[in-house]
Amino acid sequence: MSFLAHPVRGLRAEGRIAAVDLTWNAAPWVPLVDHFEVYAARDRAPRENADTLIARTLYPHFTHAVLGPHAVTWHYRVVAVMASGARGRAATARATTSASYATGRPVAVVGEFDHKGLEFALSPAGSSRYLATFPDGVDYRYGQSTPGTHWPYLHPGPSDGWAGRRSHRFALRFALDAAPAADLGFALWLTDTHATIPGRAVLALNGTEISEIAFEKGATKGSLEGDATRPGNPLKPSFVELPLPADAFTSGENVLTLDKTDGSWHAYDAIGVFAPR
């Protein structure tokens, strides 16, 4: 078998929450590779056709994103296409995404974990009205408040002049009949963040700091649109998930707070607290 039949080497697929990262190497002896084609299917190795083609890329890596909160297995084929139009033999791989805390039993949730932020107040491009609408940040009571009125799609930071260049606190209040016996899960899904200064936030529960969150750099377009599932969209979703210690909860009212202490905005997909099913 000719080595030229295998221009894609070392294909790897690694699952994470709502996404699979694909990486590979182009054989150094293969000249004039024009691009790579990535095919995907859920139930079996995909065939090479228009229905399974998910990307054409110039680079030896690709992220298959917005795959939802549940653990799902995807199968992939990557093909090198030469400048002449000739096609190399495909490399194949598969991976399973990680289940999100959002697949658990909801304790307190704002928004839908669907890679969209269109259900939130001021979405998709109303940041100029933030200060007039939320001059004191957000105080949201689960079961009474609604995302479309009481939780804005953008959470500004001290670098945002349109929000007064100061820290903003978003609070989520919810009641428990009794403190949990085991840790609960925190899930924060974002449709996008600022591309250069996504910033940091302090997550606290009932006044106890749980974590300082450093946000991933995004694509900046999330201040103007809120649907990361739209084909060709420019958004770069990201995810923050971590356990909330059982001893930080109390019976009665609990308050989860997120204080944006540094940098610029992040754009919400959903936020919530979940118990295991």
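Q: Where does Leu58 lie in this predicted model?
A: Look at the loop between strand E4 (53–57) and strand E5 (61–64), and you'll find Leu58 there.

Q: Why is Leu58 called exposed?
A: Its relative accessible area is 59%. Exposed means over 50%, so Leu58 with its 59% earns the word.

Q: What does Leu58 touch, leaving aside its neighbours within four places in sequence?
A: Leu58 is in contact with Asp34, His35 and Phe36. To count, heavy atoms have to come within 4.5 Å.

Q: How far apart are Leu58 and Pro180?
A: In space they are 50 Å apart, C-alpha to C-alpha, and in sequence 122 residues apart. For scale, the C-alpha atoms of the chain fill a box of roughly 70 × 45 × 30 Å along the principal axes.

Q: Where is Ser223 found?
A: Ser223 sits in the loop between strand E14 (208–214) and strand E15 (238–244).

Q: What makes Ser223 count as buried?
A: The relative accessible area of Ser223 is 16%. The cut-off for buried is under 20%, so Ser223 at 16% is in.

Q: Which residues is Ser223 in contact with, once its neighbours within four places in sequence are left aside?
A: They are Pro124, Ala125, Tyr153, Leu154 and Trp265. Separately, the side chain of Ser223 reaches the backbone oxygen of Thr220 at 3.5 Å.

Q: Why is Ala125 called partly exposed?
A: Ala125 has a relative accessible area of 44%. Buried needs under 20% and exposed needs over 50%, so 44% puts Ala125 in between.

Q: Where is Ala125 found, and what does Ala125 touch?
A: Its place is the loop between strand E8 (105–111) and helix H1 (130–133). Not counting residues up to four places away in sequence, Ala125 touches Tyr153, Ser223 and Leu224. As for Thr191, 66 residues apart from Ala125 along the chain, the two C-alpha atoms are separated by 13 Å.

Q: What makes Thr250 partly exposed?
A: Thr250 has 33% relative accessibility. That is neither under 20% nor over 50%, so Thr250 counts as partly exposed.

Q: Where is Thr250, and what is Thr250 in contact with?
A: Thr250 is in the loop between E15 and strand E16 (252–262). Leaving aside neighbours within four places in sequence, the contacts of Thr250 are Leu176, Ala179 and Asn206. The C-alpha atoms of Thr250 and Ala175 are separated by 8.8 Å, with their positions 75 residues apart along the chain.

Q: How do you know that Arg16 and Asp21 meet in a salt bridge?
A: Their side chains come to 2.7 Å, N to O. The limit is 4 Å between a side-chain nitrogen of Lys or Arg and a carboxyl oxygen of Asp or Glu, so Arg16 and Asp21 qualify. Both partners count as partly exposed: Arg16 has a relative accessible area of 33%, and Asp21 is at 23%.

Q: What makes Arg173 and Asp139 a salt bridge?
A: The closest N and O atoms of Arg173 and Asp139 are 2.6 Å apart, and that is within the 4 Å allowed, so the pair counts. This pair links distant parts of the chain, with Arg173 in strand E11 (residues 168–176) and Asp139 in strand E9 (residues 138–141), 34 residues apart. Asp139 is partly exposed, at a relative accessible area of 49%; exposed would need over 50%.

Q: Why do Arg230 and Glu225 count as a salt bridge?
A: Their closest N and O atoms are 2.9 Å apart. Set against the 4 Å limit, that value passes, so Arg230 and Glu225 are a salt bridge. Arg230 is partly exposed at 36%, and Glu225 is partly exposed at 23%.

Q: How many salt bridges does the structure hold, and which residues are linked in a network of salt bridges?
A: The structure holds 13. Glu37, Glu48, Arg56, Arg77 and Arg87 are linked in a network.

Q: How many of the residues count as buried across the chain, as a percentage?
A: Of the 277 residues, 50% do, each with under 20% relative accessible area.

Q: What does the secondary structure of the chain come to?
A: Two helices and 17 strands. Among contacts between residues at least 6 apart in sequence, 74% join residues at least 24 apart.

Key: Residues are numbered from 1 along each chain as its sequence is written. This is a predicted model: local features need pLDDT of at least 70, side-chain atom pairs count only at pLDDT 80 or more; totals for chains, interfaces and linings use all residues. Side-chain values use heavy atoms; hydrogens and water are left out. Helices (H or I, at least four residues) and strands (E, at least two) are DSSP runs, numbered from the N terminus. Buried means under 20% relative accessible area, exposed over 50%, partly exposed in between (1.4 Å probe, protein chains only). A polar contact is a pair of N or O atoms within 3.5 Å; within protein, one must be able to donate a hydrogen and the other to accept it, and residues adjacent in sequence count only if both atoms are side-chain atoms.
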